[in-house]
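Here are a few exercises to help you find your way around a new structure. Grab a pencil and work through them in order.

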Amino acid sequence: MDFDFTEEQSILRDSLDRLLADKYDFEKRKAIMAQPEGWSADMWNAFAEMGLMALPFTEEDGGLGGTPVETMIVMESLGKALALEPYFATVVLGGGVLRLGGSAEQRAELVPQIAEGALKLALAHTERNSRYDLNHVETAAKKDGGGYVLSGTKNVVLAGDSADRIFVTARVSGGTRDEGGIGIFMAGKDAKGLTLRGYRTQDGLRAADVTLDNVKVGPEAVIGDPEAGLPLLKRVVDGAIAALSAEAIGVMGQLHRLTLDYLKVRKQFGMPIGAFQVLQHDAVDMFVAMEQARSLTLYATMMADSGDDDERTRAMHAAKAEIGRAGKLVGETAIQLHGGVGMTMEYAVGHYFKRMTMIDVAFGDADHHLRALAAKGSLFG
Amino acid sequence: MELRFTPEEIAFRDKVRTFFKENVPDDIRDKMAVGEHIEKDDFVRWTRILDDKGWAVAHWPEEYGGTGWDPMRQYIFLEELQRYPAPTPLPFGVNMVGPVIYTFGNEAQKKQFLPRIANLDDWWCQGFSEPGAGSDLASLKTRAVRQGDHYIVNGQKTWTTLAQYADWIFCLVRTDTEVKKQEGISFVLIDMNTPGIEVRPIVTIDGGREINEVFLTDVKVPAENLVGEENKGWDYAKFLLGNERTNIARVGMSKQRIARVRDLASKEMSGGRPLLEDERFREKLASIEIDLKALELTQLRVVAADAKRGNTGRPDPASSILKIKGSEIQQGITHLLMQVMGPHALPYHEDIEGSNEPPIEPDYAASAAPGYFNYRKVSIYGGSNEIQKNIIAKAVLGL
């Protein structure tokens, strides 16, 4: 058993942290957020140059053959910087669909473009009534020659407005909540009948609602078995949960660090407020929650590529539930200990809190995953 | 990064499992499995089996009878021991005074005491807390005055666990009243058969008799029973309290108890179906399991870090949370177990000597409520959780 990074992994972390420290401080981030796209093309290119886009793909496909550990490292660093670029949507979600479900031809066409930063992806799965259930799919896919015609509406497609291609879940057969009959289809952003409404999310990132009005896709746009896409979708989302957990650890680390700094410099009653025991214990509670969440993030990361569906899914339920409840405690306490300053848009801590909060409501909040784990049975074999 | 055990570690785990299966007396395992009280004789029998195998003081240096296992093997050993379940070796000798003696004691003390600790020939108890010295331990008042080649000890110790069985007590005593309170404390070993020692039981809220008051009146202690230097006892006490971290989280024990909760909840009925099918109950169980899984990984992070850089004696930042989370989880499980028994947790099962009354059914519910009551202690002893938080705030967070 070994919790240490390899030398290469340490270098990856250090160089990404350096790049972000240099180019992505809080003020620069604010300026980037104020641009119409809401993220920085320069940073995107810098990420691509570092090889971040190519990381998880196999070398045969044009990637770097990285493991979920590399993804964890990148996501934690991006979380630390509150990066706005669509890395998660492109590489983890879209890239996950391609990596785990794409045909050789599809991968050969798209992975090199992703690797060089030329192609951005998104995954459209959430619907108005689906909440967190991946099997709840009303969007229809009707067979049309060799291809399909897609109709329906997808909501809150993360980074949807910057994606060149969108993976859409749609129902080929069966009832709205059936596990079978769900396919994953690839649609270009300019496809006829596809309208996209982009907007900012609460954490300063971007998302879009996507309306599909008889959008025609060819046979080359079908990912895997169009009648049995759910297992693939679940694997992709499990990987995404591990990655989001890592981002959350980066966010929590900053929430905790900023709070400790503040406790040491802010003076009231003639002394640093960090001298007060009640605030010290709050800071310790944050620390304990964060370390416990980190432990389960490591666990989720090691399980992310496991072919054992049952064990992998349990690990993700545990990790995401823990991230949700730890993140809430760490975030709320950080704001509380900062007092009024924590409430201001001017100061960083509130922005970390907002990202932390939005991570909880993506891909299942703490209650959702707790319930799901409870239904499945024990975490211990 | 690799979170699986190596093939060698798995082989080691299997070896340990097989040994427990073949050597833990069934009656002791059965008592452990249902949370029944473990008697002195059970401890002695089991410790001697372990000592014959050379595993009674597994984590000690090899020259004093240890195994030479690396920290990961030490962890696996304890995890499997707790999970089997079998009693963990009595901590007062093996984890507390033993390491103090081999680290700070003289050769004569090592020779006299260490082998007898390993074989449980001597039952040790801990004389730290006093009525006026709890969390503020350094304010202790028990006085030791040097008279020729003896110390004369007067004072009172309290919360002394299993002192009723003890052959020896290790005590913090005040040897200098003129200096800062931490600088006038010494660490002495006292034979419980010395005249002037009186042990009085304290009955705890679960009805148990594990703790005691120990009164010391003009107790004559040979000067050679001083450990290390006079007035350096506080350093040894801090060492003692700080060096226990492979076992403090008790992950293996909590796993075994969660398995028991599941087993009982699948038999106890609620709303016409097994309680285990109740959603609310399952969520509470899942919630504790998530905490426990996280703690297991946190514990393993500490163990792996120790293995990598050798045990420096300096706690890893993550290790400081083991006591807090470990105790919360243990307490949570005892509460869940009591809830499983529902109204059957109510009867107080009196152990009346010579009585022929049949036990109140179901007899396995007897320990449910007492177990919950008793385990309130785990967030109090060994430095209360609030004291742990003070330590983390200072040592880890720099506040």
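Below are three exercises, each with a worked solution.

This is a predicted model, where local features need pLDDT of at least 70, side-chain atom pairs count only at pLDDT 80 or more, and totals for chains, interfaces and linings use all residues. Residues are numbered from 1 along each chain as its sequence is written, while chains are lettered from A and ligands numbered from 1 in the order in which they are written.

**Exercise 1. Get a feel for chain A as a whole.**

Start with the elements: chain A has eleven helices and ten strands. These are DSSP runs numbered from the N terminus (helices: H or I, at least four residues; strands: E, at least two).

Next, the dimensions. The C-alpha trace of chain A spans about 80 × 45 × 40 Å along its principal axes.

Then look at burial: 53% of the 381 residues in chain A are buried (20 or more other C-beta atoms, placed from the backbone, within 10 Å of a residue's own).

**Exercise 2. Find the side of chain A that touches chain B.**

Step one: 32 residues of chain A are in contact with 36 residues of chain B (contact: C-beta atoms, placed from the backbone, within 7 Å).

Step two: the elements of chain A giving two or more residues to that side are α7 (230-265), α8 (277-303), α9 (309-338) and α11 (366-376). α8(A) gives the most, with 13 residues.

Step three: sort that side of chain A by class, and you get 21 nonpolar, six polar and five charged residues. Here Ala, Val, Leu, Ile, Met, Phe, Trp, Tyr, Cys and Pro count as nonpolar, Asp, Glu, Lys and Arg as charged, and the others, Gly among them, as polar.

**Exercise 3. Describe how α9(A) meets α9 of chain B.**

What do we need? Two packed helices are described by the angle between their axes and the distance between the axes.

The axes of α9(A) and α9(B) (residues 279-309) come within 10 Å and cross at roughly 95°. Axes are lines fitted to C-alpha atoms, for helices over the stretch in contact, with angles from 0 to 180 degrees between N-to-C directions.

So α9(A) is roughly perpendicular to α9(B) (65 to 115 degrees).

Finally, name the partners: Ala318(A), Ala321(A) and Glu322(A) on α9(A), with Ile290(B), Lys293(B) and Ala294(B) on α9(B). By class, the residues of this contact between α9(A) and α9(B) are four nonpolar, no polar and two charged.

How values were computed. A residue is buried if 20 or more other C-beta atoms lie within 10 Å of its own, exposed if 12 or fewer, and partly exposed in between; C-beta atoms are placed from the backbone. Two residues are in contact if their C-beta atoms, placed from the backbone, lie within 7 Å. Angles under 35 degrees count as roughly parallel, over 145 as roughly antiparallel, 65 to 115 as roughly perpendicular and the rest as oblique.
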